[in-house]
Amino acid sequence: MRPISQMPPDVAASIIGVFADIDDTLTTDGRLPAASYAALEALHDAGLFVAPITGRPAGWCDMVARFWPVTGVVGENGAFYFAYDSAQRRMRRSFFASDFERAANRKRLESVGRRILAEVPGSAISADQLYREADLAIDFCEDVAPLGKADIVRIKTIFEEEGAVAKISSIHVNGWFGDYDKLSMTRRFADEILRIDLDAEKHRIVFAGDSPNDAPMFGFFPNSCGVANVLDFTGEMDSEPAFVTARAGGEGFVEIAEAVLSARGLGESGIQQREAADAR
């Protein structure tokens with residue numbers, strides 16, 4: 001992982017879009033800073049596509065797709081994408097699994113959840129579970145006292161023993177039934193909404209993330225970036241980002257946006273102008 005300051009200017013100038021995780025990448029300590037949102041707006045206003053690629057639930061993603069300055073959002077670690085057409089006032093929703101499959105999988109996940117809660121004291125079903133369509137999120141530090149690494153790994157192992165896929169984020173262990181991840185649904189989103197060949201354009205796209213569930217994206221995008229807190233997972237991810245910021249969370253995302261925008265003659269001033277406009 002090289003410092004973001006070492007991203008070559010010609011590479012930064014060639015970027016056409018930014019994919020970004022939300023928790024602890026766009027956010028800091030559970031909040032979305034004004035500077036992060038201003039960075040999203042500055043990127044969008046500069047003509048780049050912007051899309052969160054998150055483990056957060058469908059209910060949240062519907063709001064993000066409607067109200068944030070984004071082209072769309074991939075949610076629940078790749079279970080779906082949502083993209084809002086403001087001109088037609090229509091939300092486009094594409095799921096990996098059918099309604100019937102998701103309903104059946106939810107029943108299976110309820111059983112897995114009961115086992116996890118019984119075997120890992122201190123864990124909890126995530127507060128946002130009610131708004132999920134396809135996965136089960138087990139909270140290990142968001143609204144509960146932080147669990148140790150051994151307990152977090154045990155949660156992941158239980159999911160896998162029950163035949164589910166499991167990924168560790170910075171706040172949850174997410175488990176689901178189905179052969180998908182963040183990257184596979186991002187491919188579909190790129191094809192159907194962005195109308196681009198992701199394999200052909202991956203060198204011109206930045207992915208920003210912070211934790212092990214981002215590893216498929218880190219491995220695929222040559223110019224992937226981690227915010228500084230990704231260093232907490234050094235040696236624990238299948239793939240690591242090419243670049244890393246000096247600052248953590250939302251401040252780190254602003255560094256990434258500044259690097260891309262500076263290559264277009266905008267940079268920090270563009271984000272500050274956006275923050276000032278939003279404050280008025």
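## Two helices side by side

Helices α2 and α9 are roughly parallel to each other, because their crossing angle falls under 35 degrees. In this predicted model, α2 covers residues 34-45 and α9 covers residues 249-262. Their axes come within 9 Å and cross at roughly 25°, and the crossing of α2 past α9 is left-handed.

Let's look at who meets whom. From α2 come A35, S36, A39, L40, A42 and L43, and across from them α9 offers G250, F253, V254, A257, V260 and L261. Sorted by class, this contact has ten nonpolar and two polar residues, with no charged residues.

## The largest pocket

Next, the open spaces. The largest pocket has a volume of about 560 Å³. Its lining is made of 30 residues, and I168, S170, P212, F233 and E236 are the closest to the pocket's centre. Three elements give two or more residues to this lining: α5 (149-161), β9 (165-168) and α8 (215-220). Of these, which gives the most? That is α5, with four residues.

The chemistry of this lining is mixed: 14 residues are nonpolar, seven are polar and nine are charged.

## The second largest pocket

The second largest pocket holds about 200 Å³ of space. Lining this pocket are I22, D23, T27, G30, L32 and R56, together with W60, C61, M63, V64, W68 and E142. By class, seven of the lining residues are nonpolar, two are polar and three are charged.

## Enclosed cavities

Rolling a probe the size of a water molecule over the atoms shows where empty space is left. How many cavities of 30 Å³ or more are there? The count comes to two.

The largest cavity contains about 90 Å³ of space. Among its 13 lining residues, D23, G55, R56, S169 and I171 lie nearest the centre. One residue of this lining is nonpolar, eight are polar and four are charged. D23 and R56 are worth a second look, since they line the largest cavity and also appear in the lining of the second largest pocket.

The second largest cavity has a volume of about 50 Å³. Around this cavity sit A79, F95, F96, A97, R102, N105, A134, F177 and Y180. Seven of these residues are nonpolar, while one is polar and one is charged. In the class scheme, Asn counts as polar and Arg as charged, so N105 is the polar residue of this lining and R102 the charged one.

Notes: Residues are numbered from 1 along each chain as its sequence is written. This is a predicted model: local features need pLDDT of at least 70, side-chain atom pairs count only at pLDDT 80 or more; totals for chains, interfaces and linings use all residues. Side-chain values use heavy atoms; hydrogens and water are left out. On a 1 Å grid over the protein atoms alone, a cavity is a set of points where a 1.4 Å probe fits but cannot get out, and a pocket is an open set with protein on both sides within 12 Å along at least five of seven lines; lining residues have an atom within 4 Å of a point. Grid points are joined across faces, edges and corners, and a volume is the space filled by probe spheres set on the points. Axes are lines fitted to C-alpha atoms, for helices over the stretch in contact, and angles run from 0 to 180 degrees between N-to-C directions. Angles under 35 degrees count as roughly parallel, over 145 as roughly antiparallel, 65 to 115 as roughly perpendicular and the rest as oblique. A crossing is left-handed if the near helix is turned anticlockwise from the far one by less than a right angle, and right-handed if clockwise. Contact means heavy atoms within 4.5 Å.
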